[in-house]
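Please load the model in your viewer and keep the sequence panel open. The tour goes from one selection to the next and says what is found at each stop.

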Amino acid sequence: MPKTAISQIPDNPVSSIRNLGPASDVSFARAGIHTAEKLRDLGPDAAYERLLLTGSKPHFIGYYAMVMGLQGRPWNDCKGNEKEALRLRFDTIKAKIAPKAEASDPLAKIFNEIGILPQR
């Protein structure tokens, strides 16, 4: 019997994690992350790297909302020193991914050289 779209939806989608909605399911699936368990196993930083490598635009609030959600906390619970530390992690991830994005997109490399942010 052929599978239907409903049977292909995992029992534990990424959107079952606090702060992550249905659009997250699509973005994470594009990065090969189809379940909440897979996201938890990878951890927030490795998962976010995958998102960026598959075309998602970097967005700090989205990053820390995911981190908070993986801890079972509301996104707006992130404040002060914790938020500053997460910003450093986020910036590190972006810096790590930038050379890889440039390598796969020569136009992005040119934009970066002249000070224009690459479009993803």
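What follows is a tour of a predicted model, from the whole chain down to single residues and one pocket.

**Stop 1: the whole chain, coloured by confidence**

Select everything and show it as a cartoon. The protein has six helices and zero strands, so a listing of its elements from the N terminus reads α-α-α-α-α-α. Of its 120 residues, 29% count as buried. Among contacts with a separation of 6 or more, 43% are between residues 24 or more positions apart.

Now colour by pLDDT. The average over the protein is 84, and 73% of the residues score at least 70. Which helix has the highest confidence, and which the lowest? Helix α2 (residues 36-42) is highest, with a mean of 97, while helix α6 (residues 106-113) is lowest, with a mean of 63.

Next, select residues 1-7. Their pLDDT stays under 50, and the model gives them one contact beyond four places in sequence. Where pLDDT is low, the predicted coordinates should not be read in detail.

**Stop 2: the segment before α1**

Select P13, which lies in the segment before α1. Is P13 buried or exposed? Its relative accessibility is 16%, and P13 counts as buried because the cut-off for that class is under 20%. Show the residues around it: apart from neighbours within four places in sequence, P13 is in contact with D25, H34, T35 and A36. For a distance label, pick the C-alpha atoms of P13 and A29; they are separated by 9.6 Å, and the two residues are 16 apart along the chain.

Stay in this segment and move to N19, which also has its place before α1. Its phi is near 80 degrees, a positive value in a residue other than glycine. Most residues other than glycine have a negative phi. N19 is partly exposed, at a relative accessible area of 29%.

**Stop 3: helix α3 and its link to α5**

Select α3 (44-53). Its buried residues are P44, A47, Y48, E49, L51 and L52. Just after the helix, G55 takes a positive phi of about 105 degrees.

Keep E49 selected and add K96. The two side chains meet in a salt bridge, with 3.1 Å from N to O. What does this pair tie together? E49 lies in helix α3 and K96 in helix α5 (residues 80-104), so the salt bridge links parts that are 47 residues apart in sequence. The partners are in separate accessibility classes: E49 is buried, at 15%, whereas K96 is partly exposed, at 44%.

**Stop 4: further salt bridges**

How many salt bridges does the model have? The count comes to five.

Select R87 and D91. Their closest N and O atoms are 3.2 Å apart, and the two form a salt bridge. Both are in helix α5, four residues apart, so about one helical turn separates them. R87 is partly exposed, with a relative accessible area of 33%, and D91 is also partly exposed, at 31%.

Now add R73, D77 and E82, which are joined into one network by salt bridges that share partners. Within that network, R73 forms a salt bridge with D77, the closest N and O atoms being 2.7 Å apart. D77 is partly exposed, with a relative accessible area of 34%.

**Stop 5: the second largest pocket**

Switch to a surface view and select S24, F28, Y48, L51 and G62. Of the 15 residues that line the second largest pocket, these lie nearest its centre. The elements that contribute two or more residues to the lining are α1 (22-30), α3 (44-53) and α4 (60-70). The space in this pocket is about 220 Å³.

Which classes of residue make up the lining? Eight of the lining residues are nonpolar, six are polar and one is charged. Y48 and L51 link this stop to an earlier one: both are among the buried residues of α3, and both are among the residues nearest the pocket centre.

Notes
Residues are numbered from 1 along each chain as its sequence is written. Side-chain values use heavy atoms; hydrogens and water are left out. On a 1 Å grid over the protein atoms alone, a cavity is a set of points where a 1.4 Å probe fits but cannot get out, and a pocket is an open set with protein on both sides within 12 Å along at least five of seven lines; lining residues have an atom within 4 Å of a point. Grid points are joined across faces, edges and corners, and a volume is the space filled by probe spheres set on the points. Ala, Val, Leu, Ile, Met, Phe, Trp, Tyr, Cys and Pro count as nonpolar, Asp, Glu, Lys and Arg as charged, and the others, Gly among them, as polar. pLDDT is the predictor's confidence in each residue, from 0 to 100. Contact means heavy atoms within 4.5 Å. Buried means under 20% relative accessible area, exposed over 50%, partly exposed in between (1.4 Å probe, protein chains only). A salt bridge is a side-chain nitrogen of Lys or Arg within 4 Å of a carboxyl oxygen of Asp or Glu.
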